[in-house]
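Work through the exercises below with the structure at hand. Each task is followed by a solution in steps.

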Amino acid sequence: MRDAVSAVIPIRAAAAPSRYDFETQLRRNGIDLPPLSIDTLQVNITKLCNQACRHCHVDASPRRKEMLSTEGIEKCLEILGRHPQIAKLDITGGAPELHPGFDAFVERAVALGKHVMVRHNLTVQLDGNPQTGESKEYLPAFFARNRAEVISSLPYYQAYFTDAQRGAGVFGKSVEAMRRLNAEGYGVEGSGLTLNLVYNPVGPYLPAAQTGLEADYKRELKSKFGLVFNSLYTITNMPINRFRLHLDKSGQYESYMDKLLAAFNPAAAAGIMCRSLVSVGHDGRIYDCDFNQMLEMDAADTKGRGLSIFDFDFDRVLGRRIRFGEHCLGCTAGAGSSCGGATA
């Protein structure tokens, strides 16, 4: 009798989707977004960072200890070696350079003929490792030697706005770090060494037009500091984790989401980054993008099984259905937003 009673499970009605439901927007616009390819393996190798920025969707900080294992790095290299169609390795964090296996990861991926991109926050060059004190001043020369593409966040070309988002003194350190990268040839025309900057709005706003903002950055950084770079990527602040907490505390979450929803752009949706990359977490689990990773929205195959680098099957991963959430409105608002900037 007890077994019969315990087997009765009350049936609950499914909750109505919120007005910010991303898949509802796709259906209204007749859009389907299956994966198109896997040309980039994006790997978050650590959440340790020398900074704790208020907009950080990773919640990275000097106190974090998560690290991709040595076995995980070996598995990523094995995957890259086995699949020539995965042409790019995008290494991120935290500050990825703080992982003890970072240098070897870069060097071995380059030896495999892969294009390596590093999400470099600039200030780690001067701050070093907050837990061990290890210097990272060698990084510009290391990047140049391996011809890695460097992608660096610089919230604005003025100190006030940059320091407001990332902490006092960050702008000055960023300028010095860019100067050291320029000295190695990064951002210099004809060098073949690429330095791209990333802009995030300070607060609950959509980014300005990427082309115009890039021109402003180039003019101001060159005239005031003698600095050069290649391209500027505008990225929308995602309403998750630390930035979501800020929105909730300031009572701005709904107004920000309304802004993203009103700016939904079907053309931007077609170019979202999760259609051509997969994101790898510090534990080896696979996600559709870095934002899903931070929300622990694991990617799954057509049978609902979670995906991992430790049993990686290219066709199984490519055949998955991308998981969407309310935050995906951030990637499709206005000109769109991705790790490579605007998508439309």
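**Exercise 1.** Is R108 buried, partly exposed or exposed?

Solution. The model is a predicted one. Step 1: take the relative accessible area of R108, which is 39%. Step 2: compare this with the limits, where buried means under 20% and exposed means over 50%. Step 3: R108 is therefore partly exposed.

**Exercise 2.** Which side chain meets E74 in a salt bridge? State where the two partners lie in the chain.

Solution. Step 1: the partner of E74 is R108, with an N to O distance of 2.5 Å. Step 2: E74 belongs to helix 3 (residues 70–82) and R108 to helix 4 (residues 102–111), so the pair, 34 residues apart, links distant parts of the chain. Step 3: E74 has a relative accessible area of 35% and is partly exposed.

**Exercise 3.** Test the pairs E66 with R64 and D311 with R316 against the salt-bridge cut-off.

Solution. Step 1: the cut-off is a nitrogen within 4 Å of a carboxyl oxygen. Step 2: in the pair of E66 and R64, the closest N and O atoms are 2.7 Å apart, and a salt bridge forms. Step 3: for D311 and R316 the corresponding distance is 3.8 Å, and this pair also forms a salt bridge. Step 4: E66 is partly exposed at 22% relative accessibility, and D311 is partly exposed at 44%.

**Exercise 4.** Which residues are joined into one network by salt bridges that share partners? Then give the total of salt bridges.

Solution. Step 1: the network consists of E137, E176, R179 and R180. Step 2: a search of the whole structure gives 24 salt bridges.

Technical notes. Residues are numbered from 1 along each chain as its sequence is written. This is a predicted model: local features need pLDDT of at least 70, side-chain atom pairs count only at pLDDT 80 or more; totals for chains, interfaces and linings use all residues. Side-chain values use heavy atoms; hydrogens and water are left out. Buried means under 20% relative accessible area, exposed over 50%, partly exposed in between (1.4 Å probe, protein chains only). Helices (H or I, at least four residues) and strands (E, at least two) are DSSP runs, numbered from the N terminus.
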